[in-house]
Amino acid sequence: MLVALGWDAGWQDALDATSGDGAPGRVIRHDGVAVLTAFADETRHLHLRPAVPPLAVGDWVTADGTTVLDLLPRRTLLERLDPSTGAPAVVAANIDLVLILCGLDRPVRAGRVQRFVAQARDAGATPVLVLTKTDLTDDLDRVLADARAIDPQLEVLVASAPTGVGMEALGERVAGTTMVAVGESGAGKSTLANALCGEDVATTAQVRSGDAKGRHTTTSRQLHLLPMGGCLIDTPGVRAVGLSADTATVEESFDDIAELALRCKFTDCGHDTEPGCAVRGAVDDGSLAAQRLESWQRLRGEVAEQAQRNETKARRRRR
């Protein structure tokens, strides 16, 4: 069971480095005052000690019969900004892939995709764009071309659970990994989770006909085992993607622009109206999409604004 959940030699080394005698297990659901945790031979709820850091679905912990004793060091951690507080909120831990689901019953929004991509790379995970509801578009080739233009580095797959299109390729891609599915409500996360798991593990619902928006059928994060090997963490849909990342992560997501910037006349070029700007030159000659430069500027601005807000809050706390 531990191997099926993702246990490997690296986790064993981490366990050996702890001073406790607890048994290892993986958090598969967070219930607020307790966490549902899977062990080698059983699954049970554990109480949380004040000394243990806040846990996330996907965490590896050690425990005695009823209580979490220790948290093993995380390999990756996916976060987003909590819209109510502006602070980072943990989504999932120790993930390999972030599946960004976009239903083709609505436009694929480049800005939303790029925010998810930045979040995934900031977490240390690999983003994969999955276009769902392929039966609802008349020009899949054009949609695919537009999606690939959002980020040249981004892997793009198609998958329709009702028709079976792309499901075999998706299953092969995710086998043996821990992945988290993200996307707005109604994008098909629950339907895809059920198809990958081979059983109804998540509730599904119809989207509104007027704007293709969905209800939050998934209300909590939960880890499911996949029959082909690996784990899927299903998450509630989001209306807005709060970006929790730094400037370096944004630059990594736009390394084509960063490479062009090395040829700019000025080292502090903002790629706006400065003379000798290689990035603007690439836009003018068509080798760089203007939309991609606009997205880079917008995400950098959001990160800078968030950093300023965090610094203001820190000063207030110090005072």
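At 4% relative accessibility, Trp 11 counts as buried, and this residue is a handy way into the aromatic side of the model, which is a predicted one. Two aromatic pairs turn up in the structure. In one of them, Trp 7 and Trp 60 meet edge-to-face, with ring centres 4.9 Å apart and planes at 65° to each other. Trp 7 sits in the segment before helix 1 (9-16) while Trp 60 belongs to strand 4 (residues 60-63), so this contact ties together parts of the chain that are 53 residues apart in sequence. Both partners, Trp 7 and Trp 60, are buried. For Trp 60 the relative accessibility comes out at 0%, so this residue counts as buried, given that the cut-off is under 20%.

Trp 11 also pairs with Trp 60, this time in a tilted arrangement: 6.0 Å centre to centre, with 40° between the planes. Here again distant parts of the chain are linked, since Trp 11 is in helix 1 and Trp 60 in strand 4, 49 residues apart. Put together, Trp 7, Trp 11 and Trp 60 make up one aromatic cluster. A ring is also involved in a contact with a charged side chain: Arg 44 lies over the face of Phe 39, at 4.1 Å from the ring centre.

Turning to charged pairs, the structure holds 13 salt bridges. One of these joins the side chains of Arg 29 and Asp 31, at 2.8 Å from N to O; Asp 31 is partly exposed, its relative accessible area being 33%. Another brings Asp 139 and Arg 142 together, with an N to O distance of 3.6 Å. Both ends of that bridge count as partly exposed, Asp 139 at 33% relative accessibility and Arg 142 at 45%.

The bridge between Arg 106 and Asp 105 has its closest N and O atoms 3.0 Å apart. Arg 106 is buried, with a relative accessible area of 8%, whereas Asp 105 is partly exposed at 24%. These two residues do not stand alone: a network of salt bridges links Asp 105, Arg 106, Arg 109, Lys 133 and Glu 184.

Lys 133, a member of that network, has a backbone worth a look as well. Its phi is near 55°, a positive value in a residue other than glycine. Lys 133 is found in the loop between strand 9 (126-132) and helix 3 (140-150), and at 19% relative accessibility it counts as buried, the limit being under 20%. His 271 is a further non-glycine residue with a positive phi, of about 60°. This histidine is in the loop between helix 7 (255-261) and helix 8 (278-284), and with 4% relative accessibility His 271 counts as buried.

Finally, helix 2 (residues 110-123) can be checked against its expected length. With 14 residues at 1.5 Å a residue, helix 2 should span 20 Å, and its end C-alpha atoms are 20 Å apart, which agrees. Helix 2 is mostly covered, as 13 of its 14 residues are buried. Gly 124 follows helix 2 and has a positive phi, near 95°.

Conventions:
Residues are numbered from 1 along each chain as its sequence is written. This is a predicted model: local features need pLDDT of at least 70, side-chain atom pairs count only at pLDDT 80 or more; totals for chains, interfaces and linings use all residues. Side-chain values use heavy atoms; hydrogens and water are left out. Rings of Phe, Tyr and Trp (its six-membered ring) pair if their centres lie within 6.5 Å; planes under 30 degrees apart count as stacked, over 60 as edge-to-face and the rest as tilted. Helices (H or I, at least four residues) and strands (E, at least two) are DSSP runs, numbered from the N terminus. Buried means under 20% relative accessible area, exposed over 50%, partly exposed in between (1.4 Å probe, protein chains only). A charge sits over a ring if NZ of Lys or CZ of Arg is within 6 Å of the ring centre and within 35 degrees of the ring normal. A salt bridge is a side-chain nitrogen of Lys or Arg within 4 Å of a carboxyl oxygen of Asp or Glu. The expected span of a helix is 1.5 Å times one less than its number of residues.
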